[in-house]
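Here's a quick walk through this one. Have a look at the model below, then read on.

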Amino acid sequence: MGDPMMPEPIDRRRPADPTLPTPRPTGAHVSVRGLCHTYRKADGPVLQDIGFAVEPGEILALLGRSGCGKSTLLHMVSGLTMPTAGEVVINGNAVRGPSPRWVMMFQAPSLYPWMTVAQNAALGLRFARRMHAAKTRVPEVLDLVDLGGLADRNAQELSGGQQQRVALARSLAPKPEVLLLDEPFSALDAFTRRNLQQDVRRIARNLGLTMMIVTHDVGEAVRMADRVLVLDANPGRIAHDVTMTLSDADRNGGTEAFQREHTRLMQTYSAVAQITDTA
Amino acid sequence: MSAAADVIARPSLPALGRFRGLMNAVLGIGLLLALWWLGGWMIARDPDLFAFASFAPGPTLTRLWEMIVAGEVVGMSTPSLYRVGMGLALAIAIGVPVGILIGRIPVLREITNVPFQFLRMISPLSWMPIAVMAYDTWDGAIIFLIFVAAVWPILFATAAGLRRIDPAWLKVARNLGANPFHMLFVVILPAISVDILTGIRLALGVAWVVLVPAEYLGVTSGLGYSINDARDTLDYASLGATVVIIGVIGFALDAALMAAIKHVNWVRSDA
């Protein structure tokens, strides 16, 4: 027996008491298997034989040039577009269509201008007939995205960055297991973009969400992702699978470690995208 | 003198600012009354037309007051409002869903475009003989004519509104798990509410115009019947008073719809 005066050592990997709930990510496991997509036969496939897995709680970036099919790939994971071949499996269930369990955030916030901020944020719960839950859940998610005081404002009165935060709150309200981001910060100014990148990563990490983000910005991928899939074009396929080895403190930029990871990813991306000027 | 000094020196009318709209409206009504009075005065002086002198403001407004006090105004307006209301309700019930369908389904829009544009250009009153034959009651025939007049503006305004919906709004709703019921009542209808009401406002204008000649049909009630009856009995003061009633009710209905449009309009000009 140990000394009763000394506190028991805490094993952070496993809970000491097996009856206590295990602190595990709320995010789901995503498996993409043999995914192909063709819009028109004459144009050939947009995506060919895409296969990868995303672990629960992992943040994955899909990095590629315009037209490489990365957005189409994300649409297929969300169920908004069905693949020509292959399948997407989330926690063992094949994706057959959109669901509040895997929610997508788009480039434009596309808030409904006839609704208040709170009504916009509650939309997913309203569609799921869970309006009673919205009373507590909506203030919770608005606080999470730092918009707690703007619940009753009309969506049109907000800035671009605030609107995108409402879109994030709207995506988080139904408690999704997977959050899919389709270049959601590309229309924002650099300062707002940087703040949102940090906040979204922090929120996703705290909630343990599985997240996939489509981007063509190497800096964004380094700041946000645990792992980056670099996509080749015509047809779109995975050229490289790069694991980021940055601490959260280094992700804000300006450190040597950040610069090293940025350069490493930029070189990989440039080689795949055949960009000659890597400056 | 500099331009700035010129602006400063210009006399301003601060008291007019708040009441300018109201004062201009009063001025407009005053001008209309003056023209009416002038017309009446000229008719009274003309030996060929003096029999129509009761059209002047004095006799008309006196008769109008008598009709209000006696309750005649309510009696003659109620059947007309019922017919317009029923015709408009039918036009909304058919125009809005069909407008949504042709706005949402391109192939349906292409198929219906020529037939609908063709039918739209036929004067509603052209259907009068068919309406009389098709319906057992005069009321039914009049409601049908009002429906024919009112359905097109509602249908086309709804379809145009639907085509202007941001496709991203539909994608976002689908992404969040909206079913077709949600899509219609939470996204589509609020998004096009202003277009629908603008269509109804246009339809009401046409329906109100069609009402009077439609009520020349065999009915024995309503504003159109009262006009016809006053003409036949040479009661020009009553005829003039009925014209005023038609104008006032039409104006009031239009103003109510304008207020409804303002209420549902979600576009913030200051945003």
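A helix's expected span is 1.5 Å times one less than its number of residues. Keep in mind that this is a predicted model. With that yardstick, take helix H8 of chain A, residues 256-273: its 18 residues reach 25 Å from first C-alpha to last, close to the 26 Å expected.

Which residues of H8(A) are buried? They are Glu261(A), Leu265(A) and Tyr269(A). Looking down the axis of H8(A), you'll find these buried residues within an arc of 65°, so they line one face of the helix. That fits a general rule: an α-helix has 3.6 residues a turn, so residues three or four places apart point the same way. Covering the buried residues of H8(A) are, among others, strand S3 (59-63), helix H7 (218-224), strand S9 (227-232) and strand S10 (237-243) of chain A. Flip to the face turned away from the buried side and you meet the exposed Glu256(A) and Gln267(A). Just after H8(A), Gln274(A) takes a positive phi of about 55°.

How far can you trust chain A? Its mean pLDDT is 85, and 89% of its residues reach 70 or more. Residues 1-23 of chain A are another story, with pLDDT below 50 and four contacts beyond near neighbours in sequence. Where pLDDT is low, the predicted coordinates should not be read in detail.

Now for the contact between the chains, which takes 21 residues from chain A and 16 from chain B. On the chain B side, helices H8 (167-175) and H9 (180-214) each supply at least two residues, and H8(B) gives the largest share, six residues. By class, that side of chain B has nine nonpolar, three polar and four charged residues.

Terms used: Residues numbered from 1 in each chain as written. Chains lettered and ligands numbered in written order. Predicted model: local features only at pLDDT ≥ 70, side-chain atom pairs only at ≥ 80, totals over all residues. Contact = placed C-beta atoms within 7 Å. Helix = DSSP H or I, 4+ residues; strand = E, 2+ residues; numbered from the N terminus. Nonpolar A, V, L, I, M, F, W, Y, C, P; charged D, E, K, R; others polar. pLDDT = per-residue confidence, 0-100. Buried ≥ 20, exposed ≤ 12 C-beta atoms within 10 Å, placed from the backbone. Arc of directions from axis to C-beta.
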